[in-house]
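Welcome! Please take a moment with the sequence and the 3D view, and then read on for a short tour.

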Amino acid sequence: MDRTVSKNGSPKFFGKTFIVELRKATANKSLNQLFEHYWQPLFQFSYNILKDDDDAKDAVQDVFITLWNRRFDIDIHTSMESYLFTAVRYRSLTILSKKLDLKQRNVPLELADEVHRAPAH
């Protein structure tokens, strides 16, 4: 695998063809490398939206879990970096939206999971 650095400083193997690497037998190692390279900037990006450490960590982790779970059927048409930042932005906005909804409904955040699991009447 080519490990030279691209113009933007990220390893070239994180480019458009990286999803192919995730489908191989050594995918776990590839995902770990991707995670290590992008964790901090993705966390900071999410934190700027959410203003909460735990929620930002959850957003980034959710994106990587989804990427791993969907690695055989996902089709990325952009760079891996662009995909990851877009996915983290949408996940962060979803988390923020849920928190704002609960706040408007005067539901304590510690009861949030119970409210979302409760059947609709």
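## Contacts along the chain

Among contacts in the protein between residues at least 6 apart in sequence, those joining residues at least 24 apart make up 56%. Keep in mind that this is a predicted model.

## Overall layout

The protein has 5 helices and 0 strands, so-called α-α-α-α-α when the pattern is read along the sequence. Of its 121 residues, 31% count as buried. The accessible surface of the protein is about 8,000 Å², and carbon and sulfur atoms account for 52% of that surface.

## Aromatic rings

How many aromatic pairs does a search of the whole structure find? The search gives 5. One of them is formed by F35 and F64, an edge-to-face pair with 5.0 Å from centre to centre and 75° between the planes. F35 belongs to helix α2 (residues 27-50) and F64 to helix α3 (residues 53-69), so this pair ties together parts that are 29 residues apart in sequence. Are these two rings buried or exposed? F35 is partly exposed, because its relative accessible area is 31%, while F64 counts as buried at 5% relative accessibility.

Another edge-to-face pair is made by F45 and F85, whose ring centres are 5.3 Å apart and whose planes stand at 75°. This pair also links distant parts of the chain: F45 is in helix α2 and F85 is in helix α4 (residues 80-104), 40 residues apart. F45 counts as partly exposed, with 26% relative accessibility. Now look for a wider group: F35, W39, F43, Y47 and F64 form one aromatic cluster.

## Arginines over rings

Two arginines are worth finding in the view. R71 lies over the face of W68, and the distance to the ring centre is 3.6 Å. R89 lies over the face of Y90, with 5.3 Å to the ring centre.

## Salt bridges

The count of salt bridges comes to 3. In one of them, the side chains of D55 and K99 meet, at 2.7 Å from N to O. Which helices does this pair link? D55 sits in helix α3 and K99 in helix α4, and the two residues are 44 apart in the sequence, so they link distant parts of the chain. D55 is buried, since its relative accessible area of 15% falls under the 20% cut-off. K99, with a relative accessible area of 25%, is partly exposed.

D62 and R91 form another salt bridge, and their closest N and O atoms are 2.8 Å apart. Here D62 lies in helix α3 and R91 in helix α4, so the pair ties together parts 29 residues apart in sequence. Both partners are partly exposed: D62 has a relative accessible area of 24%, and R91 has one of 26%. There is also a salt bridge between D73 and R70, where the closest N and O atoms are 3.4 Å apart. D73 is exposed, with a relative accessible area of 53%, whereas R70 is partly exposed at 38%.

How values were computed:
Residues numbered from 1 in each chain as written. Predicted model: local features only at pLDDT ≥ 70, side-chain atom pairs only at ≥ 80, totals over all residues. Heavy atoms only, no water. Phe/Tyr/Trp six-rings, centres within 6.5 Å; stacked < 30°, edge-to-face > 60°. Helix = DSSP H or I, 4+ residues; strand = E, 2+ residues; numbered from the N terminus. Buried < 20%, exposed > 50% of the residue type's maximum accessible area, 1.4 Å probe, protein only. Lys NZ or Arg CZ within 6 Å of the ring centre and 35° of its normal. Contact = heavy atoms within 4.5 Å. Areas by Shrake-Rupley, 256 points an atom, 1.4 Å probe, with all protein chains shown as cover. Salt bridge = Lys/Arg side-chain N within 4 Å of Asp/Glu carboxyl O.
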